[in-house]
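Trainee: I am new to this structure and would like a close look at a single part of it, with enough of the rest to see where that part belongs. Could you take me through it slowly?

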Amino acid sequence: MRAQGEVQVLRELFNRAADTPEYTRVIADVIGQDTNPTLESILIDKGVGDGVRAGMPVEAARGLIGQVYRATNNAAQVALLTETASAIPVRLGTTRATGMLRGAGRGALPTIDWIDLQHVVEVGELVTTSGLGGNFPEGLVIGRVVSVERNEAELFQRAVVQPAVDFRTLETVFVVTEFETVDTEIFSEEP
């Protein structure tokens with residue numbers, strides 16, 4: 001039965017890789033959960049020797065899990081998107097609204113801050129990475145909106161997100177080592 005489960009995980013990972021051939025990935029096994037109460041993270045069996053560097057996005061078959069926090073030659077620590085220091089630019093699927101996904105810590109669901117009030121955000125909307133900022137490729141699945149905090153007296157609204165990935169059951173992940181970003185170099189030069 002265990003072999004059947006492993007085959008299913010590998011099939012899902014293969015399908016995810018086939019859907020986005022423009023990304024270069026390194027496949028890694030999860031070798032531990034961090035026991036540090038101040039940082040929600042996992043440990044993987046790939047590191048600098050495999051092309052893994054701090055800041056690289058990490059995904060599972062169902063969606064984004066976080067990004068590499070630090071790496072040694074043959075292992076890396078991945079900060080989960082639920083980590084309180086996590087901040088990921090996101091886009092909502094139906095309204096196309098953008099915001100910043102922030103982790104809420106152990107046992108709490110992440111929230112999207114800074115959603116403009118002009119958008120009517122619905123429960124169930126798909127949440128993906130927006131690609132803004134260049135740290136994550138566009139379109140990585142994060143999860144679905146489970147509640148919306150909207151107050152007309154405020155400038156922005158918030159949404160609570162249920163991640164697509166169950167972080168407790170991760171066994172195999174992808175580290176996205178290369179992806180296409182928008183070239184903004186021209187804007188950093190003095191006119």
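Mentor: What follows begins with the whole chain and then turns to one barrel and its side chains, with the other barrel for context.

This is a predicted model, in which local features need pLDDT of at least 70 and side-chain atom pairs count only at pLDDT 80 or more, while totals for chains, interfaces and linings use all residues. Residues are numbered from 1 along each chain as its sequence is written, and side-chain values use heavy atoms, with hydrogens and water left out.

The protein chain has one helix and twelve strands, where helices (H or I, at least four residues) and strands (E, at least two) are DSSP runs numbered from the N terminus. Read from the N terminus on, the order of elements is α-β-β-β-β-β-β-β-β-β-β-β-β. Of the 191 residues in the protein chain, 42% are buried; buried means under 20% relative accessible area, exposed over 50%, and partly exposed in between, with a 1.4 Å probe and protein chains only. The accessible surface of the protein chain comes to about 10,700 Å², and 52% of this belongs to carbon and sulfur atoms; such areas come from the Shrake-Rupley method with a 1.4 Å probe, and for residues only the protein chains shown count as cover. Among contacts in the protein chain with a separation of 6 or more, 55% are between residues 24 or more positions apart, a contact being heavy atoms within 4.5 Å.

The part to look at closely is the closed barrel of six strands that runs E6-E7-E8-E11-E10-E9, with antiparallel pairing. Neighbouring strands of this sheet are turned by 40° against each other on average, direction ignored; the axes are lines fitted to C-alpha atoms, for helices over the stretch in contact, and angles run from 0 to 180 degrees between N-to-C directions. Strands E6 (residues 87–92) and E9 (residues 126–129) pair in the antiparallel sense over three bridges, where pairing requires that DSSP finds at least two bridges between two strands. Within that pair, Val 127 in E9 is the bridge partner of Leu 92.

After E6 comes a loop that leads to strand E7 (98–102), and Arg 96 lies in this loop. Its phi is near 65°, a positive value in a residue other than glycine, and at 46% relative accessibility Arg 96 counts as partly exposed. For comparison, most residues other than glycine have a negative phi, and most peptide bonds are trans. Trp 114, found in strand E8 (residues 111–116), also has a positive phi, near 65°.

With a relative accessibility of 53%, Trp 114 counts as exposed, and together with Leu 155 and Phe 156 it forms a nonpolar surface patch with about 380 Å² of accessible area. Patches are made of residues with over 30% relative accessible area and no salt bridge, like charges being joined within 9 Å and nonpolar side chains (Val, Leu, Ile, Met, Phe, Trp, Tyr) within 5 Å. Phe 156 lies in strand E11 (residues 156–163), and at 36% relative accessibility it counts as partly exposed.

Strands E8 and E11 also carry charged side chains that meet, for Asp 113 forms a salt bridge with Arg 158 in which the closest N and O atoms are 2.9 Å apart. Asp 113 lies in E8 and Arg 158 in E11, so this pair ties together parts that are 45 residues apart in sequence. Salt bridges that share partners join Arg 102, Asp 113, Glu 149 and Arg 158 into one network, a salt bridge being a side-chain nitrogen of Lys or Arg within 4 Å of a carboxyl oxygen of Asp or Glu. Asp 113 is buried, with a relative accessible area of 14%, whereas Arg 158, at 34%, counts as partly exposed. The whole structure holds six salt bridges.

Beside this barrel, the model has another closed ring of six strands, in the order E1-E2-E5-E4-E3-E12, and its pairing is antiparallel. Here neighbouring strands are turned by 45° against each other on average, direction ignored. Strand E1 (residues 24–33) pairs with strand E12 (residues 172–178) over six bridges, in the antiparallel sense, and Thr 24 stands opposite Glu 178. This barrel has a salt bridge too, between Arg 25 and Glu 59, whose closest N and O atoms are 2.8 Å apart. The two residues sit in E1 and in strand E3 (residues 57–60), 34 residues apart, and both are buried.
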